[in-house]
Amino acid sequence: MLSRVADSIYWLNRYVERAENIARFIDVNQNLLLDSPSGVQQQWKPIVVTTGDLEIFKERYGEATAENVIRFLTFDSNYPSSILSCLRAARENARSVREIISSEMWEQVNEFYMMVRDAALGDSSYQLADFFYQVKMRGHLFAGVMDATMSHNEGWHFGNMGRLLERADKTSRILDVKYYILLPSVQDVGTTIDEIQWIALLKSASAYEMYRKRKQHRITPSRVVEFLILDREFPRSIEYCLLQAERSLQCITGTSPGTWQNPAERELGRLRSELDYLTIEEIMQRGIHEFLDDLQNRMNHVGEQIYEDFFALKPVVSPFVQTQTQGSSVIHPLR
């Protein structure tokens, strides 16, 4: 498969997944306001902190009000990680590989983009709550259409890997924001406000019902963190995402489990194997924020290695290399 094609399918899926997760961040914060006791001030700044682009937001919008944050993360066409920009980029990537992906995938991502574009232009038929619900559902629909209509070959595995790495990154970021920033004060730990926020976090990852069904009747920080980081069965947990991404990478390269052929496989395999043997007690002892910060950096490094190994344009090397010897040109064949 051409690196250009693999790159487009990979980023098509990352952008769709990113748009869906941005909708989750905003939607859960809005719901949190409705569930919080009266007098509790809603915080929007942590949602921007999640993106890592707080400085850009401050330059353009200043105060982190609900209106400013929603516009920045949803409809700002100049911000590359807004929902609108992500879907525009996803659509362009899909357009460039229309001969590879299924027609149903193209139709779905095209309709997805036009729905977001119409809402950005002020289509009054979309209320915010309904809009974010539609973004999440259309993200699920695109993933389902891809799984059902595209051959599970190299192209599919590149797309699946992109989707899962993006999902793992966003799960880590929403966990980090809740634990490190959202809580108003240490006195609120263990209170009703604290429990409401942890429930909201589970809902943002569509994890609340699955958490309960695993007989986790009590909402505690350590159990929630363990579920979203180390659970091997829940499809939005970090461990599950990295495990499945590694399997797709091995299908692409033909590498046997437990071995590696390139730096991307080595980095992803090492990170996944470390999570296999990690306990929640070790995470809590280290500090959730410190652990997640390191995890995000390492996942970014995995993404960089995938780019270098599969997508980066390598210079074409001649079968002969020219060297200089005492002012004369000597040609040596490469061994």
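A pocket is found on a 1 Å grid over the protein atoms alone: it is an open set of points where a 1.4 Å probe fits, with protein on both sides within 12 Å along at least five of seven lines, and its lining residues have an atom within 4 Å of a point. We're working with a predicted model, so local features need pLDDT of at least 70, side-chain atom pairs count only at pLDDT 80 or more, and totals for chains, interfaces and linings use all residues. Residues are numbered from 1 along each chain as its sequence is written, and side-chain values use heavy atoms, with hydrogens and water left out.

**Exercise 1.** Find which residues lie nearest the centre of the largest pocket, and which helices help line it.

*Solution.* Start with the lining: it has 22 residues, and Arg-14, Arg-18, Glu-166, Asp-169 and Asn-300 lie nearest the centre. Next, look at the helices (DSSP runs of H or I, at least four residues, numbered from the N terminus). Here α1, α2 (45-51), α8 (154-182) and α15 each give the lining at least two residues. Last, the volume is about 390 Å³, meaning the space filled by probe spheres set on the grid points, which are joined across faces, edges and corners.

**Exercise 2.** Work out what kind of aromatic pair Tyr-10 and Phe-311 form.

*Solution.* First, the rule: rings of Phe, Tyr and Trp (its six-membered ring) pair if their centres lie within 6.5 Å; planes under 30 degrees apart are stacked, over 60 edge-to-face, and the rest tilted. That rule gives 13 aromatic pairs. For Tyr-10 and Phe-311, the centres are 5.2 Å apart and the planes make 55 degrees, so the pair is tilted. Now trace the chain: Tyr-10 is in helix α1 (residues 3-35) and Phe-311 in helix α15 (residues 288-311), 301 residues apart. Then check burial (buried means under 20% relative accessible area, exposed over 50%, partly exposed in between, with a 1.4 Å probe and protein chains only). Tyr-10 has 2%, so it counts as buried, and Phe-311 is buried too, at 6%. Finally, ring pairs link both into a cluster with Trp-11, Tyr-15, Phe-158 and Phe-310.

**Exercise 3.** Say where Ser-206 lies and whether it is buried, partly exposed or exposed.

*Solution.* Begin with the place: Ser-206 is in the loop between α9 (192-204) and α10 (208-213). Then take its backbone: phi is positive, about 50 degrees, although Ser-206 is not a glycine. Finish with the relative accessible area of Ser-206, which is 41%, so this residue is partly exposed.
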